[in-house]
Amino acid sequence: LFIVLFLFWIILSGKGDLWLIISAAISSMVIVAITTYINLLDEEAHPIKILPRSFLYWSWLLKEIVLSAIYLSKIIISPKLLISPQYIKIKSNQKSSLAFSIFANSITLTPGTISVIAKNSTKEIEVHAITLETAESLKTGKMDSMVSWLMGDK
């Protein structure tokens with residue numbers, strides 16, 4: 001956290017004066033000390049451990065978003081408009097609130113699906129899907145397992 005805050009200060013200041021560097025170091029140390037004292041730093045507030053896997057996860061999610069957008073575009077362009085709206089409940093295997101939130105948001109980011117209600121206490125997400133196929137693809141658990149992989153859960 002100190003390094004991130006220090007570099008953020010230096011980048012925003014745009015100058016390399018000794019006074020600004022000392023001010024950045026002192027301010028960053030004070031902020032880290034306060035956040036440590038009030039127990040604000042935890043795994044979910046500063047998830048550095050998922051950073052290496054996050055690039056692969058976001059690449060996978062981007063691919064899923066593009067494939068879903070193409071699928072949805074074909075449905076919209078089709079003269080028959082083959083939609084079959086579904087409202088389903090999905091059980092998540094996520095262990096942390098952060099992982100559960102990432103999973104629910106990933107569902108919403110994917111075209112054709114929206115996380116309507118996410119209940120962290122029961123780890124259930126109510127999802128509206130535009131077709132039966134999009135609902136079934138969520139039931140396979142691929143996205144849930146990818147988020148578990150991202151978080152390092154087995």
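This report walks through a nonpolar core, a helix pair and two individual residues in a predicted model.

## The nonpolar core

Let's start inside. The largest nonpolar core is made of 23 residues, and Y57 and M151 have the most contacts within it. Six elements each put in at least two residues: the helices and strands α3 (51-77), β1 (86-91), α4 (97-109), β3 (124-129), α5 (132-139) and α6. Of these, α4 gives the largest share, with 7 residues. As general background, nonpolar side chains in soluble globular proteins tend to be buried together.

Y57 deserves a look of its own. Setting aside neighbours within four places in sequence, Y57 touches I102, S106, M146, V147, W149 and L150.

## How α3 and α6 pack

Y57 also turns up where α3 meets α6. The axes of these two helices come within 9 Å and cross at roughly 160 degrees. With over 145 degrees as the cut-off, α3 and α6 therefore count as roughly antiparallel to each other. Their crossing is left-handed.

Who does the touching? On the α3 side, the contact is made by R53, S54, L56, Y57, W60 and L61. On the α6 side, the residues are K142, M143, M146, V147, W149, L150 and M151. So M151, one of the two residues with the most contacts inside the core, is also part of this helix contact.

## S148, a buried serine on α6

S148 sits in helix α6, which covers residues 142-151. Its relative accessibility is 11%, and S148 counts as buried because that is under the 20% cut-off.

What does S148 pair with? Its side chain and that of Q94 are joined by a polar contact of 3.3 Å. Once neighbours within four places in sequence are left out, S148 is in contact with N93, Q94 and D153. Q94 therefore appears both as the polar partner and among the contacts of S148, while S148 itself is buried at 11%.

## E64, partly exposed on α3

Now over to helix α3, where E64 is found. E64 has a relative accessible area of 22%, so this residue is partly exposed rather than buried, the cut-off for buried being under 20%.

The side chain of E64 makes a polar contact of 3.1 Å with the side chain of K63. There is a long-range pairing to check too: E64 and T110 are 46 residues apart along the chain, yet their C-alpha atoms are separated by 6.9 Å.

Key. Residues are numbered from 1 along each chain as its sequence is written. This is a predicted model: local features need pLDDT of at least 70, side-chain atom pairs count only at pLDDT 80 or more; totals for chains, interfaces and linings use all residues. Side-chain values use heavy atoms; hydrogens and water are left out. Helices (H or I, at least four residues) and strands (E, at least two) are DSSP runs, numbered from the N terminus. Buried means under 20% relative accessible area, exposed over 50%, partly exposed in between (1.4 Å probe, protein chains only). A polar contact is a pair of N or O atoms within 3.5 Å; within protein, one must be able to donate a hydrogen and the other to accept it, and residues adjacent in sequence count only if both atoms are side-chain atoms. Contact means heavy atoms within 4.5 Å. A nonpolar core is a set of buried Ala, Val, Leu, Ile, Met, Phe, Trp, Tyr and Cys residues joined through side-chain atoms within 4.5 Å. Axes are lines fitted to C-alpha atoms, for helices over the stretch in contact, and angles run from 0 to 180 degrees between N-to-C directions. Angles under 35 degrees count as roughly parallel, over 145 as roughly antiparallel, 65 to 115 as roughly perpendicular and the rest as oblique. A crossing is left-handed if the near helix is turned anticlockwise from the far one by less than a right angle, and right-handed if clockwise.
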